[in-house]
Amino acid sequence: MPVLTQTLVLTRLAFLGIAQRKWSALVLIISVACVIAVLLSMLSVTAGMLRAYRSGEDPQQAVVLPEEGARRAHAIPTNIIGTILDAPGIARSADGHPLADGEFQIWVPPMGPYALGSPNLRGIGPVGFALRPNLKIIAGRSFRSGRHEVILGVAAARTFQLRIGDAILLAGGPWPIVGMFTDDGSMLESETLSDTDTLIADRQTNGYDSIVVKLQTPAAFDNFARWIAINPSLMQIAVRQSDYAELTANRNSAFFTALAYAVAAMMALGAVFGTVKLMYAAVSVRTRELATLRAIGYQPLPVALSVLIETVVLALFGALAGVVAAWLLFNGKHVVQARNVFDLSISLRLVALGIAWAVALALLGGLPPAIRAARRSVNDALRAV
Amino acid sequence: MPARSNGRGRYQDSLTEQRRDRAGDEHAGNDGKRSGVKYWPLVWSALWRKPAESILVWLAVTVSFALFGLMVGLHATYDQLITNSRLDRLYVNARFPSANPSSANPTGILLPFSLRDAIMRIDGVTAVSAEYFVRGYYRDPHIRAAVDAVDEYMPAAWPELPLTPAQWEQLHATPNGVFVTHSWAQALGLKAGDTLPIITSTAFTPPGMGSRADGAPAWQFHVLGEMPNMKGGLHDYLILGNLGFVDNSRPPDLRGYAWEYRVAVRDATQASQIAVRIDQATTNSGTPTLTIPDKIAEADGVNSGISVAAKTWPIAGAGLFMILLLTGNGIAQSVRERTSEFAVLKTLGYRQSGLMALVFAEAAIPCLAGAAIGMGLAVLMTRLPFRYLPADLASLPQPALSLGVLSVSLGCALLLALAGAAIPMQRLRHMSVTDTLAGR
């Protein structure tokens with residue numbers, strides 16, 4: 001395998017001589033690091049949001065939603081829950097009750113000055129706590145069914161400056177906050193919770209926004225979803241909890257994600273031009289060395305490959321620096337987006353994405369210099385020095 | 001590499017020329033006058049010494065400045081949104097928007113026209129105007145458009161609107177007439193006399209809010225003319241219509257309602273108290289209100305989402321930093337490779353400052369050219385019609401590329417060149433002519 005051996009030798013030579021070109025190499029590394037850091041720092045919003053939505057995810061859970069096109073507030077009539085409970089595959093509690101819970105969401109107008117903002121209010125039913133095993137009351141007590149009471153997520157308390165004893169104001173009057181809860185860092189912590197039926201009665205409406213269902217096994221989902229979809233009396237669809245989380249996170253961050261890619265693409269284009277320039281210079285500095293190697297029998301392909309490998313390796317160092325910078329600056333930082341509170345996250349998926357971008361950038365930027373290095377005539381090259 | 005040897009040849013030619021010029025100048029005694037002209041061939045040949053690398057650096061600078069321009073422009077837009085929003089303006093909305101209609105509020109969101117008088121009676125309020133939005137799309141569901149139907153009190157409640165008294169009169173005299181801002185007219189290709197159909201659907205507006213008495217989904221408006229864009233880039237895409245016409249076209253049981261009220265107050269310092277007073281006055285009515293000061297609403301809109309505004313400077317900075325290193329590295333390399341040439345120039349009597357200027361010009365020319373062309377690209381990109389943007393970016397406000405932004409970027413380009421050329425210039429200053437010429 002002469003090509004492989006030659007490539008290895010040439011790559012080794014390239015890195016042995018890199019000390020002479022240390023500044024160019026450093027510029028390449030930092031350029032790539034800038035691109036990757038910007039890309040990851042912006043995408044950390046999407047990743048963080050997704051993590052918060054998926055926290056406490058259970059593969060056995062599914063969410064029933066109104067059909068596409070019928071998505072408006074409270075669109076699932078309360079009287080169809082009986083039909084949905086008949087669906088196959090729903091798990092049952094120890095006392096034989098099906099594990100399904102209708103949920104209801106509304107926006108709460110701000111209590112103080114408008115600028116303070118206000119949390120969402122979610123109604124959950126008696127099974128709601130069983131479906132959310134991470135949900136823990138950390139102060140006060142839980143709300144009671146039939147009473148105008150709410151409990152407050154820790155992130156909502158922090159962001160909207162609310163505490164036990166305060167009240168949120170709905171159309172029918174104040175609903176006192178009687179307790180505070182955590183939910184393992186999920187998006188639920190930025191909301192307030194109350195009893196669904198009490199809330200629906202107060203709002204004089206008769207619809208849920210979604211129904212959360214626990215299935216006997218994760219595999220039972222397909223059958224359950226088909227049953228919901230083909231039942232002529234239902235205008236709903238079922239999605240896996242994980243898909244629902246992804247859908248919601250993507251919808252809420254679509255604008256920012258698109259902007260992140262647009263900005264990073266422009267920066268990457270600049271970095272590609274820079275890389276081509278730097279690698280042209282690197283190849284040109286090594287003209288004599290490469291020409292001599294070609295003269296003693298090294299083939300053009302290994303020469304080109306060694307240039308590409310050098311570029312990719314430098315870009316990988318850049319990606320690493322970018323990932324570390326983005327992680328140090330942004331990972332775990334609290335953000336409030338609309339009424340959602342969550343932590344930014346540089347996930348493993350993002351790290352992989354950053355590395356993929358760096359490699360792609362290096363291949364694009366390294367290719368023209370690699371071709372030039374390989375195609376240069378040995379005679380001309382030796383004469384030029 | 002033929003390009004390189006040509007470049008060097010040209011460089012040496014120009015050196016010889018310089019020498020000849022210099023000799024002539026000394027006799028003529030007008031050294032200063034022609035020095036700029038004398039240096040130019042030197043700079044030019046230095047730039048084209050390695051054409052491929054120069055062009056690549058210039059391309060990288062151009063792309064980075066296009067990004068810089070867009071980011072700084074975007075930041076300026078967000079800033080303007082907040083500064084231009086006024087402390088003496090309030091918006092009145094339904095406090096408990098709900099999906100369930102009641103007799104007091106048939107869509108759960110609207111406010112009755114009678115509320116106007118109630119708000120007007122509150123002390124400190126100078127004008128109250130009702131507005132209703134017909135939201136939908138024009139021709140293509142991707143081209144969203146909304147007609148802001150206003151009543152005759154709007155000129156008092158929102159005096160910055162760019163309509164002349166005659167145009168206001170025309171608007172209220174023509175039931176289905178609309179005035180379109182310059183930007184919208186350009187984007188949609190509209191002119192006076194055109195018909196502007198807005199097709200509503202529940203995808204754009206809550207159920208019942210866009211409906212007409214005749215059940216048709218399309219609202220036919222008649223373009224009366226163009227109005228200038230408002231100052232500061234706010235409301236560039238505004239279509240002003242006639243509330244009377246819109247209200248009369250709604251189903252009979254849904255007539256007599258406003259989407260929101262716009263309130264002007266006499267004293268900006270009292271705005272927050274007046275907002276509270278308006279809400280208190282409606283607490284026990286069928287439609288309790290939520291009054292929002294304009295400035296807070298704008299600041300909230302800019303900052304409460306994922307703050308794009310806060311991200312623009314770091315991104316612009318990261319782009320420039322990248323370019324700084326690249327140009328700095330390029331100049332350093334170029335000076336290093338031409339040390340002997342600089343030594344020759346020094347020997348010939350070129351002043352230290354002249355050589356510094358030479359190096360600086362070599363850095364500054366691609367930076368300035370890149371900044372100018374990059375900003376031009378950025379301006380072109382902001383002119384890109386909405387339909388070419390990814391759908392997810394449709395809500396991005398248009399970056400404001402004012403002369404201020406342009407001069408900031410040209411200034412940044414000069415600073416960049418200075419910073420990039422600093423180290424090579426320093427090296428040149430300490431260069432020993434004899435050592436260099438001797439090849440030591």
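Q: Leaving aside its neighbours within four places in sequence, with which residues is Ser186(A) in contact?
A: In this predicted model, Ser186(A) is found in the loop that runs between β8 and β9 of chain A. Once the neighbours within four places in sequence are left aside, the residues in contact with Ser186(A) are Ala52(A), Ser55(A) and Gly56(A).

Q: Does Ser186(A) count as buried or exposed?
A: A residue is buried if 20 or more other C-beta atoms lie within 10 Å of its own. Ser186(A) has 23 C-beta neighbours inside 10 Å, and therefore Ser186(A) counts as buried.

Q: What separates the C-alpha atoms of Ser186(A) and Leu328(A)?
A: Along the chain, Ser186(A) and Leu328(A) stand 142 residues apart. In space, the separation of their C-alpha atoms is 22 Å.

Q: What is the value of phi near which Asp184(A) lies?
A: Asp184(A) belongs to the loop between β8 (173–182) and β9 (191–195) of chain A, and with 14 other C-beta atoms within 10 Å it is partly exposed. Most residues other than glycine have a negative phi. Asp184(A), a residue other than glycine, has instead a positive value, near 55°.

Q: Which loop of chain B holds Arg139(B), a residue with a positive phi although it is not a glycine?
A: The phi of Arg139(B) is about 65°, and with 13 C-beta neighbours inside 10 Å the residue counts as partly exposed. Its place in chain B is the loop between β3 (125–138) and β4 (140–150).

Q: How far apart should the ends of helix α1 of chain A be at 1.5 Å a residue?
A: Helix α1 of chain A has 15 residues, from 2 to 16. Its end C-alpha atoms are 21 Å apart in the model, and this agrees with the expected span, which is 21 Å.

Q: Around the axis of α1(A), what arc do the buried residues Thr7(A), Leu10(A) and Ala14(A) cover?
A: The buried residues in question are Thr7(A), Leu10(A) and Ala14(A). An α-helix has 3.6 residues a turn, so residues three or four places apart point the same way. These three buried residues lie on the same side of α1(A), because the arc that they cover is only 70°.

Q: Against which helices do the buried residues of α1(A) pack?
A: The face of α1(A) turned away from the buried side carries exposed residues, namely Pro2(A), Leu4(A), Thr5(A), Arg12(A) and Leu16(A). The buried residues of α1(A), for their part, pack against two helices of chain A, which are α9 (287–295) and α10 (300–330).

Q: How are α2(A) and α11(A) directed relative to each other, roughly parallel or roughly antiparallel?
A: Helix α2 (residues 22–54) and helix α11 (residues 348–375) of chain A have axes 10 Å apart and pack at an angle of about 150°. Angles over 145 degrees count as roughly antiparallel. The two helices α2(A) and α11(A) are therefore roughly antiparallel.

Q: Which residues of α11(A) are met by residues of α2(A)?
A: The crossing in which α2(A) passes α11(A) is right-handed. From α2(A) come Val32(A), Val35(A), Ile36(A), Leu39(A), Leu40(A), Leu43(A), Ser44(A) and Ala47(A). In α11(A) they meet Arg349(A), Leu350(A), Gly354(A), Trp357(A), Ala358(A) and Leu361(A).

Q: How far apart are the axes of α10(A) and α11(A)?
A: The helices α10(A) and α11(A) pack at an angle of about 150°, which makes α10(A) roughly antiparallel to α11(A). Their crossing is right-handed, and the distance between their axes is 7 Å.

Q: Which residue of chain B is in contact with Val276(A)?
A: Val276(A) lies in helix α8 (residues 241–285) of chain A and is buried, with 24 other C-beta atoms within 10 Å. Leaving aside neighbours within four places in sequence, its contacts include Gly365(A), Pro368(A) and Pro369(A). The contact from chain B is Leu56(B).

Q: How many other C-beta atoms lie within 10 Å of Tyr208(A)?
A: Tyr208(A) has its place in strand β10 (residues 207–208) of chain A, and among the residues that it touches are His74(A), Ile76(A) and Phe104(A). Tyr208(A) is buried, and the number of other C-beta atoms within 10 Å is 28.

Terms used. Residues numbered from 1 in each chain as written. Chains lettered and ligands numbered in written order. Predicted model: local features only at pLDDT ≥ 70, side-chain atom pairs only at ≥ 80, totals over all residues. Helix = DSSP H or I, 4+ residues; strand = E, 2+ residues; numbered from the N terminus. Expected span 1.5 Å × (residues − 1). Buried ≥ 20, exposed ≤ 12 C-beta atoms within 10 Å, placed from the backbone. Arc of directions from axis to C-beta. Contact = placed C-beta atoms within 7 Å. Axes fitted to C-alpha atoms, helices over the stretch in contact; angles between N-to-C directions. Parallel < 35°, antiparallel > 145°, perpendicular 65-115°, else oblique. Left-handed = near helix turned anticlockwise from the far one by under 90°.
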